[in-house]
Amino acid sequence: MQLTRAADYGVRVMIHLAGMPPGTWASHTQLAEAASCPPQFLSKVLQRLTRAGLVVSHRGNAGGFELPEARRRATLLEIVEAIE
């Protein structure tokens, strides 16, 4: 199976967020580093994941992205469908 770059980055982000303790979130910069992804490209990926309800975004200086408890068991198919 071949994934697009966007889907690959989406999976990397979800894996990183799943490894964090529940209730914590990561900044856009932290996620870009963890996924080895250009920050501008990652913004589009995070938008799609947020619209699909796979991640929750928090605005502001202390904002970031977190994985809701209900989505900690998201499947690869759900992630790829959200991106594509």
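A residue counts as buried under 20% relative accessible area, as exposed over 50%, and as partly exposed in between. Keep that in mind as you click around, and remember that this is a predicted model.

**Stop 1: Ala-34**

Select Ala-34, which sits in helix H2. Is Ala-34 buried, partly exposed or exposed? Its relative accessible area is 37%, so Ala-34 is partly exposed. Now add Ala-82 to your selection. Along the sequence, Ala-34 and Ala-82 are 48 residues apart, and their C-alpha atoms are 20 Å apart in space.

**Stop 2: His-16, a neighbour of Ala-34**

Next, pick His-16, over in helix H1. His-16 has a relative accessible area of 31%, so this one is partly exposed too. Leaving out residues up to four places away in sequence, His-16 touches Leu-31 and Ala-34. You've just met Ala-34, in H2. Try a distance as well: from the C-alpha of His-16 to that of Ala-26, 10 residues along the chain, you should get 9.1 Å.

**Stop 3: the whole of H1**

Colour residues 5-18 to bring up H1. This helix has 14 residues and reaches 20 Å from its first C-alpha to its last, close to the 20 Å expected at 1.5 Å a residue. Which residues of H1 are buried? Show the side chains of Ala-6, Ala-7, Tyr-9, Val-11, Val-13, Met-14 and Leu-17, and mark Gly-10 as well, to have the buried set. While you look at how they are spread along the helix, here's a handy rule: an α-helix has 3.6 residues a turn, so residues three or four places apart point the same way. The buried residues of H1 pack against H2, H3, H4 and strand S2 (64-66).

**Stop 4: the nonpolar core**

Now for the inside. In soluble globular proteins, nonpolar side chains tend to be buried together. Here, the largest nonpolar core has 25 residues, and the members touching the most other members are Val-13, Leu-17, Leu-31, Leu-42 and Leu-49. At least two core residues come from each of H1, H2 (28-35), H3 (39-51) and H4 (76-83). Which helix gives the largest share of this core? It's H1, with seven residues.

Zoom in on Val-13. Not counting residues up to four places away in sequence, Val-13 touches Leu-31, Ala-35, Leu-42, Leu-46 and Leu-49.

**Stop 5: where H1 meets H3**

Show just H1 and H3. Two packed helices are described by the angle between their axes and the distance between the axes. The axes of H1 and H3 cross at roughly 70° and come within 10 Å. Angles of 65 to 115 degrees count as roughly perpendicular, so H1 is roughly perpendicular to H3.

To see the contact itself, select Arg-5, Ala-6, Tyr-9, Gly-10, Val-13 and Met-14 on the H1 side, then Phe-41, Leu-42, Val-45, Leu-46, Arg-48 and Leu-49 on the H3 side. Sorted by class, this contact has nine nonpolar, one polar and two charged residues.

**Stop 6: Val-45**

Stay with H3 and centre on Val-45, which belongs to that helix. Its relative accessible area is 1%, so Val-45 is buried. What does Val-45 touch, not counting residues up to four places away in sequence? The list is Ala-6, Tyr-9, Gly-10 and Ile-83. For another distance check, go from Val-45 to Asn-61: they are 16 residues apart along the chain, with 20 Å between their C-alpha atoms.

**Stop 7: where H2 meets H3**

Swap H1 for H2. H2 and H3 pack at about 105°, with their axes 10 Å apart. At that angle, H2 is roughly perpendicular to H3. From H2, select His-28, Leu-31 and Ala-32; they meet Pro-39, Leu-42, Ser-43 and Leu-46 in H3. The contact has five nonpolar, two polar and no charged residues.

**Last stop: Ser-36**

Finish in the loop between H2 and H3, where you'll find Ser-36. Most residues other than glycine have a negative phi. Ser-36 is not a glycine, yet its phi is positive, at about 50°. Is Ser-36 buried or exposed? With 52% relative accessibility, Ser-36 counts as exposed.

Definitions and conventions
Residues numbered from 1 in each chain as written. Predicted model: local features only at pLDDT ≥ 70, side-chain atom pairs only at ≥ 80, totals over all residues. Heavy atoms only, no water. Core = buried A, V, L, I, M, F, W, Y, C linked by side-chain atoms within 4.5 Å. Buried < 20%, exposed > 50% of the residue type's maximum accessible area, 1.4 Å probe, protein only. Helix = DSSP H or I, 4+ residues; strand = E, 2+ residues; numbered from the N terminus. Contact = heavy atoms within 4.5 Å. Expected span 1.5 Å × (residues − 1). Axes fitted to C-alpha atoms, helices over the stretch in contact; angles between N-to-C directions. Parallel < 35°, antiparallel > 145°, perpendicular 65-115°, else oblique. Nonpolar A, V, L, I, M, F, W, Y, C, P; charged D, E, K, R; others polar.
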